[in-house]
Amino acid sequence: MSIPENKIPLLVVTGPTASGKTALGVALAKEYDGEVVSADSMQIYKGLSVATAKPTEDEMEGVPHHLMGIVDIGTSFSTADYVKLAKEKISEIRLRDRLPILVGGTGLYINSLIDNISFDSAETDGSVRRKLTQEAGELGTEAMHKRLAEIDPETAEAVPPQNIVRVIRALEVYELTGMKFSDYKRANKGSDSDYDVCMIGLGFRDREKLYDRINRRVTVMAENGMVEECRAVYEGEKPGTACQAIGYKELIPYFEGEAELEECLDKIRLSSRHYAKRQLTWFRRDDRINWIYMDEFDNLYEIIKNCKKIVAKSKIL
């Protein structure tokens, strides 16, 4: 594979949860002699493999996957941390003369990486953050998220109320700079990307088909040990940022004897569907994404054939 001198070619496969990103990422890696770099904010952690739909060895089909299960579950992990590690892995893959393929549904990770967002000058103040954290403890996550939605609807749409770390971060930046976090990110966007990017998004013309896939996947995850896995985490080291993982937090009432298992599984299905909707809202704003609608194809071969046309047209290779 011939690699351009100036920029690193980067193929991005993104889309909502349960849309088929893992299988397509593996297929494209085999097609283009590539390696996968995860862009999933929960798969980065150890200990929640089933709950976060981390691909198994069989699903990886021998394709190297990076940035999965590398952070202790009790450790907080920021977008800046991710960008630093992802840049390092992508550079290593390039040095091996292979194609880095970014696969995942965390839009903030993807955009911060490919748009060269600078975190070096990120505004921060310990006293402001402590004040906001105390308010979150007193008022609750929903109230803090509502405050964010009033000043910065764009960021509030992308960040769920449960992700209180990022809600507080956005409010902190606003208090310190007077700028909405969405505007702050754009203002700190690098002058040029390090990558020659081709973005492929997986969607569904019929949203109900995506929701059906989500519902079925939760059932399969429960059968494959998700409940036991989450219980082990619950009874062990208390998670930091990882406590936001869909599948873990919804099961806590079951572990504490306050709800039946099926009730909690239904909440996981609902939370996952809501998450997919937020993901799609985020991705729809990015006109660089070439959409593949999964319900228009009968098999993976046809999907790959269309992806190859997109890659060829992008001229990243």
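A salt bridge here is a side-chain nitrogen of Lys or Arg within 4 Å of a carboxyl oxygen of Asp or Glu. By that rule the structure holds 21 salt bridges, and this tour will visit some of them after a look at the strands.

Before you start clicking: this is a predicted model, in which local features need pLDDT of at least 70, side-chain atom pairs count only at pLDDT 80 or more, and totals for chains, interfaces and linings use all residues. Residues are numbered from 1 along each chain as its sequence is written, and side-chain values use heavy atoms, with hydrogens and water left out.

**Stop 1: strands S1, S4 and their partners**

Select residues 8-14, which form strand S1. Helices (H or I, at least four residues) and strands (E, at least two) are DSSP runs, numbered from the N terminus. Is S1 buried or exposed? Seven of its seven residues are buried, where buried means under 20% relative accessible area, exposed means over 50%, and partly exposed lies in between (1.4 Å probe, protein chains only). In a regular strand the side chains alternate between the two faces of the sheet. On one side of S1 you will find Ile8, Leu10, Val12 and Thr14, and on the other Pro9, Leu11 and Val13.

Now add residues 195-203, strand S5, which pairs with S1 in the parallel sense over seven bridges. Two strands count as paired if DSSP finds at least two bridges between them. To see one such match, pick Val13 and its bridge partner in S5, Ile200.

Next, bring in strand S4 (residues 99-103), which is joined to S1 by three bridges, again in the parallel sense. Here Val12 stands opposite Leu102. Five of the five residues of S4 are buried, so the strand is largely enclosed by the rest of the structure. Leu99, Ile101 and Val103 cover one side, with Pro100 and Leu102 on the other. Finally, select residues 34-38: this is strand S2, in parallel pairing with S4 over five bridges. Val36 is the residue opposite Ile101.

**Stop 2: helix H6**

Move to residues 141-151, helix H6, and colour its buried residues Met144, His145 and Leu148. Why do they line one face of the helix? Seen down the axis of H6, they fall within an arc of 100 degrees, so they share a face; the arc is that of the directions from the helix axis to the C-beta atoms. Turn to the face away from the buried side and you meet the exposed residues Glu142, Lys146 and Glu150.

What covers the buried residues of H6? Show helix H5 (126-139), helix H7 (153-158) and helix H8 (164-177), which are among the elements that do so, with contact meaning heavy atoms within 4.5 Å.

**Stop 3: salt bridges of helix H3**

Select Lys84 and Glu88, whose side chains meet in a salt bridge (3.0 Å, N to O). Both lie in helix H3 (residues 79-95), four residues apart, about one turn of the helix. Lys84 is exposed at 53% relative accessible area, while Glu88 is partly exposed at 37%.

Then pick Lys87 and Asp194, another salt bridge, at 3.6 Å, N to O. This pair links distant parts of the chain: Lys87 is in H3, Asp194 is in the loop between helix H9 (181-187) and S5, and they are 107 residues apart. Both are partly exposed, Lys87 at 24% and Asp194 at 33%.

**Stop 4: around Arg288**

Centre the view on Arg288, which is partly exposed at 36% relative accessible area. Asp286 forms a salt bridge with Arg288, the closest N and O atoms being 2.9 Å apart, and Asp286 is buried at 11%. Now find Asp115, in the loop between helix H4 (107-114) and H5. Asp115 is buried too, at 12%, and its side chain makes a polar contact with the side chain of Arg288 (2.8 Å). A polar contact is a pair of N or O atoms within 3.5 Å; within protein, one must be able to donate a hydrogen and the other to accept it, and residues adjacent in sequence count only if both atoms are side-chain atoms.

**Last stop: the cysteines**

How many disulfides does a search of the whole structure find? Zero, a disulfide being a pair of cysteine sulfur atoms within 2.5 Å. Select Cys198, buried at 1% relative accessibility: the closest cysteine sulfur, in Cys307, is 8.4 Å from its own, too far for a bond.
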